[in-house]
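Hi,

Here is the structure I said I would pass on. Have a look at it first, and then read my notes below.

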Amino acid sequence: MKQLKQQVYEANMDLPRHGLVTFTWGNVSAIDRERQLVVIKPSGVAYQDMKVEDMVTVNLDGERVEGHYKPSSDTSTHLELYRRYQQLGGIVHTHSTYATAWAQAGMSIPALGTTHADYFSGDIPCTRALTADEVNSEYELNTGKVIVETVGESNPLYTPGIVVYQHGPFSWGINADEAVHNAVVMEEVAKMAWIACSINPHLRPIDNYLLNKHFLRKHGPNAYYGQS
Ligand SMILES: O=C(CO)[C@@H](O)[C@@H](O)COP(=O)(O)O
């Protein structure tokens, strides 16, 4: 767990470095699938004060098994996603400005160009609103459930992020680093989409053949981008 704690700590510290969090408004977790344990940031601890040993380990039922702090307030959301999608190794939540603005507008982030298509196989969906009952009982768990409801049976790595209605972005990947990378991409494409829609309110989404070409250059069995 020492190595995973180090990875999760460094991934959390990457959030302010990339300008994705203000104050304590974000968290990163990662899972050890063999041990069925999740390491996550402590709740409400300032990034500049946070140390590796402050990371909290919980089991998939949310019970703390290691760490002196309370885990992130969003732990139940992360756990719901790890339980549902075996492909996930790391999860990020932030309140980054542009992605959160789309969440607050209640709109999916439209796929408008190849920067978006290199990472997301379509629009970045916005969830439905949670009901009053869902908010008043097990809010964080229900936030996870509404994300699962939106992603559904599709491969979560083909849509590695989502915006939760009136809340903000969650992203994920095969590990904590990749989840942070996808959070950075989501913020960038959210900003580009907003600017593009302001320049041309009548623009049309990226053509499917261009979207698929860019996505499949980097993902799936026939990917050829890069040096591997
Ligand atoms: O969404 C919120 C607050 O509204 C939280 O994600 C954010 O403040 C981070 O909380 P934690 O410090 O991880 O408990």
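**What I found**

Let's start with a helix: α6 (residues 139-151) lies across β6 and β7 (168-173), and α6 runs at about 125 degrees to β6. A few terms before going on. Helices (H or I, at least four residues) and strands (E, at least two) are DSSP runs, numbered from the N terminus. Angles run from 0 to 180 degrees between N-to-C directions, with axes being lines fitted to C-alpha atoms, for helices over the stretch in contact. Two residues are in contact if their C-beta atoms, placed from the backbone, lie within 7 Å.

Keep in mind that this is a predicted model, where local features need pLDDT of at least 70, side-chain atom pairs count only at pLDDT 80 or more, and totals for chains, interfaces and linings use all residues. Residues are numbered from 1 along each chain as its sequence is written.

**The whole protein**

The protein has 8 helices and 7 strands. Its C-alpha atoms fill a box of roughly 50 × 45 × 35 Å along the principal axes. What is the radius of gyration of the protein? It is 17 Å, which agrees with the value near 17 Å for a compact globule with 228 residues. (The radius is taken over C-alpha atoms, and the globule rule is 2.2 Å times the number of residues to the power 0.38.)

Of the 228 residues, 41% count as buried. A residue is buried if 20 or more other C-beta atoms lie within 10 Å of its own, exposed if 12 or fewer, and partly exposed in between, with C-beta atoms placed from the backbone. Among contacts between residues at least 6 apart in sequence, 63% join residues at least 24 apart.

**The sheet**

Seen from one edge to the other, the open sheet of 7 strands goes β4-β3-β2-β1-β5-β7-β6, with antiparallel pairing. The edge strands, β4 (64-66) and β6 (161-164), each pair on one side only. On average, neighbouring strands of this sheet are turned by 25 degrees against each other, direction ignored. Two strands count as paired if DSSP finds at least two bridges between them.

At one edge, β3 (residues 56-59) pairs with β4 in the antiparallel sense over 2 bridges. Try finding threonine 57 there: its bridge partner in β4 is glutamate 66.

Now go to β7, where 6 of its 6 residues are buried. β7 pairs with β5 in the antiparallel sense over 4 bridges, and valine 92 stands opposite serine 171 in β7. Another 4 bridges join β7 to β6, again running antiparallel. Here valine 163 has proline 169 of β7 as its bridge partner. The hairpin of β6 and β7 has 3 residues between the strands, and glutamine 166 in this hairpin takes a positive phi near 55 degrees.

**More helices**

Helix α1 (residues 2-17) lies across β1 (26-32), β2 (37-40) and β5 (90-94), at about 155 degrees to β1. Is α2 (residues 75-84) mostly covered or mostly open? Mostly covered, with 8 of its 10 residues buried. Those buried residues pack against β1, β2, β3, β5, α6 and β7.

**Loops worth a look**

Phenylalanine 23 sits in the loop between α1 and β1. Its phi is positive, about 50 degrees, although it is not a glycine. Phenylalanine 23 is exposed, with 10 other C-beta atoms within 10 Å.

Glutamate 138 is in the loop between α5 (132-136) and α6, and its phi is positive too, near 55 degrees. It counts as partly exposed because it has 14 C-beta neighbours inside 10 Å.

Proline 125 belongs to the loop between α4 (114-117) and α5. With 20 C-beta neighbours inside 10 Å, proline 125 counts as buried. Leaving out residues up to four places away in sequence, proline 125 touches Ser108, Thr150, Thr159 and Ile162.

**The ligand**

Which residues surround the ligand? They are Thr24, Trp25, Gly26, Asn27, Lys41, Ser43, Gly44, Ser72, Ser73, Asp74 and His93. (Near here means a C-beta atom, placed from the backbone, within 6 Å.) This shell divides into 1 nonpolar, 8 polar and 2 charged residues. Ala, Val, Leu, Ile, Met, Phe, Trp, Tyr, Cys and Pro count as nonpolar, Asp, Glu, Lys and Arg as charged, and the others, Gly among them, as polar.

Cheers
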